[in-house]
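Here are a few notes from my read-through of this one. Have the sequence and the structure open while you go down the points.

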Amino acid sequence: MDNFLYDRFSHRLADKVICISDFLVKEVNRADPSKLWIKIPCIVDYSVFDALPVKREKRILYCGSLNYLEVIYFVIDAFEQSGIDDHTLTLVANGSKENSLLLQERIQKSPVSDMIKVYQNMKYPELVELYKSSLALVIPLRNSAQDVSRFPHKIGEYCASSAAIISTNIGEIKNYFTDGNNALIAGDYNTAQVAAKMKYAAMYPDKAVEIGKHSYLTGKKYFEMNALGKKLMEFFDLKGSTE
């Protein structure tokens, strides 16, 4: 009942709405076509990332909550299928002790367990440094209502890290990223397809670095704090039309 009331009425109580996805824009328009809205997926302070040097290592990284244990298992499965034998898979995963133990059990069963590293409770500057020393950063989105409607803040941070992003062509991804240009995009939430993108990054590191540079520019345009400041201020002052 709480979810029902929140989804149906919370945005009606607001004067204006900031949406993070096309899905939520449609929801706002459906509830009240006259409601003022602006679409901003995420806001990232690039200065935190620009202050640290880039030092690419043979590392593919995933960062996410242990609440998404299914997705972490998916990433491990893809890494196993990729056949990569000279890169590590780094998992930055915080959450409950129970889920942490489940993750450790899954890794112990992996044929490449010695190539999988887990970090927890990192300080933010340490996390940013880890991003910027990785060849590729993984964030696969599932074909679910949750992942279609959301925009992970992590994507904006990945862009600011200027590393190649590996994701799936689901939800908001298709609005900002093109496979082989500013990201490595699997067609679907499929382990074999994501494994192929991991292998491509490992086999062609120079190309992965070039893709990462393009992802950085994409983030600068759409997610960077200073670029969005004026746009937000104009929206706050807006009185009569929908943007």
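1. Charges first: the protein chain carries 30 positive and 30 negative side chains. The centres of those two sets sit 2 Å apart. Keep in mind throughout that this is a predicted model.

2. On the overall fold, I get 12 helices and 8 strands in the protein chain. Its radius of gyration is 19 Å, close to the 18 Å from the globule rule for 243 residues, so the chain is as compact as a globular protein of that length. Along the principal axes, the C-alpha atoms fill a box of roughly 60 × 40 × 35 Å.

3. How much of the chain is buried? Of the 243 residues, 46% are, taking buried as under 20% relative accessible area. As for the outside, the accessible surface is about 12,300 Å², and carbon and sulfur atoms account for 53% of that.

4. Contacts reach well along the sequence: among those with a separation of 6 or more, 72% are between residues 24 or more positions apart.

5. For a local example, look at helix 2, residues 22-31. Its buried residues are V25, V28 and A31. They span an arc of only 135° around the axis, which means they lie on the same side of helix 2. That fits the usual geometry: an α-helix has 3.6 residues a turn, so residues three or four places apart point the same way.

6. And what covers those buried residues of helix 2? The cover includes strand 1 (16-19) and strand 2 (36-39).

Key:
Residues are numbered from 1 along each chain as its sequence is written. This is a predicted model: local features need pLDDT of at least 70, side-chain atom pairs count only at pLDDT 80 or more; totals for chains, interfaces and linings use all residues. Side-chain values use heavy atoms; hydrogens and water are left out. Helices (H or I, at least four residues) and strands (E, at least two) are DSSP runs, numbered from the N terminus. The radius of gyration is taken over C-alpha atoms; the globule rule is 2.2 Å times the number of residues to the power 0.38. Buried means under 20% relative accessible area, exposed over 50%, partly exposed in between (1.4 Å probe, protein chains only). Contact means heavy atoms within 4.5 Å. Accessible areas come from the Shrake-Rupley method with a 1.4 Å probe; for residues, only the protein chains shown count as cover. Lys and Arg count as positive and Asp and Glu as negative; His and the chain ends are not counted. The place of a charge is taken as NZ of Lys, CZ of Arg, CG of Asp or CD of Glu. The arc is that of the directions from the helix axis to the C-beta atoms.
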